[in-house]
Amino acid sequence: EVKISEQSIIMQIDYFADLYGVDSSLVQKIVQCESKGDAENKGDYKNGKPLAFGLLQYHKKSFERHAKIFGEELDYYSSYDQIKLGTWAIANGYGNEWTAYRAIKNGGKYSFYSKLLKRHFVIYCKL
């Protein structure tokens with residue numbers, strides 16, 4: 001039998017979505033909008049350095065905070081751990097921390113000003 005950690009990204013999302021009781025198509029769409037499904041994607045650059053990484057474009061501090069609440073030591077650079085933790089986080093009320101989630105919940109568009117990056121963004125993401 002193949003371990004879930006060795007399955008495709010979609011199968012991992014489906015597994016954790018079922019486990020945590022969240023719509024897998026929502027999580028899949030967030031992954032698509034945040035990183036285009038690229039586990040090595042980097043984003044939210046500040047002074048030339050990426051602040052976000054991975055399938056869910058987690059900021060390291062957010063990942064560590066979620067992992068602490070979740071109660072498990074997880075690897076920020078592991079796409080499996082990002083899926084596991086991110087799906088749990090979305091299922092447990094932390095979805096608003098992703099701009100893609102906010103765009104989906106707002107009908108496909110979300111605009112905001114980032115104090116951290118000192119610029120305005122418009123995010124498009126629709127189920």
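Biologist: Which element gives the largest share of the lining of the second largest pocket?

Modeller: Read a pocket through its lining. List the residues, then place them in helices and strands. Keep in mind that this is a predicted model. In the second largest pocket, the largest share comes from β2, with four residues. Strand β2 covers residues 49-53. Helix α3 also supplies at least two residues of this lining.

Biologist: Which residues line the second largest pocket?

Modeller: Find them one by one in the structure above. Begin with K42. Then take P50, L51, A52 and F53. Next come H59, K60, K61 and S62. Y76 and Y77 complete the lining.

Biologist: How do the residues of that lining divide by class, and how much space lies in the pocket?

Modeller: Sort the lining by side chain, then look at the volume. Six residues are nonpolar, two are polar and three are charged. The second largest pocket holds about 160 Å³ of space.

Biologist: What volume does the largest pocket have, and how many residues line it?

Modeller: Take the steps again: volume, lining, elements, classes. The largest pocket has a volume of about 740 Å³. Its lining counts 28 residues. Look for the ones nearest the centre: E34, D44, H59, T99 and F112. You have met H59 already, in the lining of the second largest pocket.

Biologist: Which elements each supply at least two residues of the lining of the largest pocket?

Modeller: Trace them along the chain. Helix α2 (24-35) is one, and strand β1 (42-46) is another. Then come β3 (58-59) and α3 (60-70). Further along are α5 (99-105), β4 (109-114) and β5 (119-124). Now the classes. The lining of the largest pocket has 12 nonpolar, nine polar and seven charged residues.

Biologist: How many helices and strands does the chain have, and how do they run from the N terminus?

Modeller: Count the elements, then read their order. The chain has five helices and five strands. From the N terminus, the order is α-α-β-β-β-α-α-α-β-β. Next, ask about overall size. The radius of gyration is 14 Å, close to the 14 Å that the globule rule gives for 127 residues, so the chain is as compact as a globular protein of that length. Its C-alpha trace spans about 50 × 30 × 25 Å along the principal axes.

Biologist: What share of the residues is buried, and what share of the contacts joins residues 24 or more positions apart?

Modeller: Look at burial first, then at contacts. Of the 127 residues, 40% are buried. Now take the contacts with a separation of 6 or more. Residues 24 or more positions apart account for 41% of these.

Biologist: How many disulfides does the structure hold, and which residues form one?

Modeller: Look for two cysteine sulfur atoms. The structure holds one disulfide. C33 and C125 form it, with their sulfur atoms 2.0 Å apart. C33 lies in helix α2 and C125 in the segment after β5, so the pair ties together parts that are 92 residues apart in sequence.

Biologist: Why is the disulfide of C33 and C125 right- or left-handed?

Modeller: Check the torsion about the S-S bond. For C33 and C125 it is about 90°, so the disulfide is right-handed. Check burial too. C33 is partly exposed, with a relative accessible area of 27%. C125 is buried, at 2%.

Biologist: Where is Q12, and is it buried or exposed?

Modeller: Place the residue, then check its accessible area. Q12 sits in helix α1, residues 9-20. Its relative accessible area is 4%, and the cut-off for buried is under 20%, so Q12 is buried. Setting aside neighbours within four places in sequence, Q12 is in contact with I4, S5, Q7, Y80 and I83.

Biologist: Which sign does phi have in N47 and in Q57?

Modeller: Read the backbone angle, then the setting. N47 has a phi near 55°, a positive value in a residue other than glycine. Q57 is not a glycine either, and its phi is about 50°. N47 is in the loop between β1 and β2. Q57 is in the loop between β2 and β3. N47 is exposed, with a relative accessible area of 75%, whereas Q57 is buried, at 8%.

Biologist: How far apart are G107 and K126 in sequence and in space?

Modeller: Compare the two distances. G107 and K126 are 19 residues apart in sequence. In space, their C-alpha atoms are 6.6 Å apart. G107 belongs to the loop between α5 and β4. G107 is exposed, with a relative accessible area of 51%.

Technical notes
Residues numbered from 1 in each chain as written. Predicted model: local features only at pLDDT ≥ 70, side-chain atom pairs only at ≥ 80, totals over all residues. Heavy atoms only, no water. 1 Å grid on protein atoms, 1.4 Å probe; cavity = no way out; pocket = protein on both sides within 12 Å on 5 of 7 lines; lining within 4 Å. Points joined across faces, edges and corners; volume = space filled by probe spheres on them. Nonpolar A, V, L, I, M, F, W, Y, C, P; charged D, E, K, R; others polar. Disulfide = S-S within 2.5 Å. Buried < 20%, exposed > 50% of the residue type's maximum accessible area, 1.4 Å probe, protein only. Rg over C-alpha atoms; globule rule 2.2 N^0.38 Å. Contact = heavy atoms within 4.5 Å.
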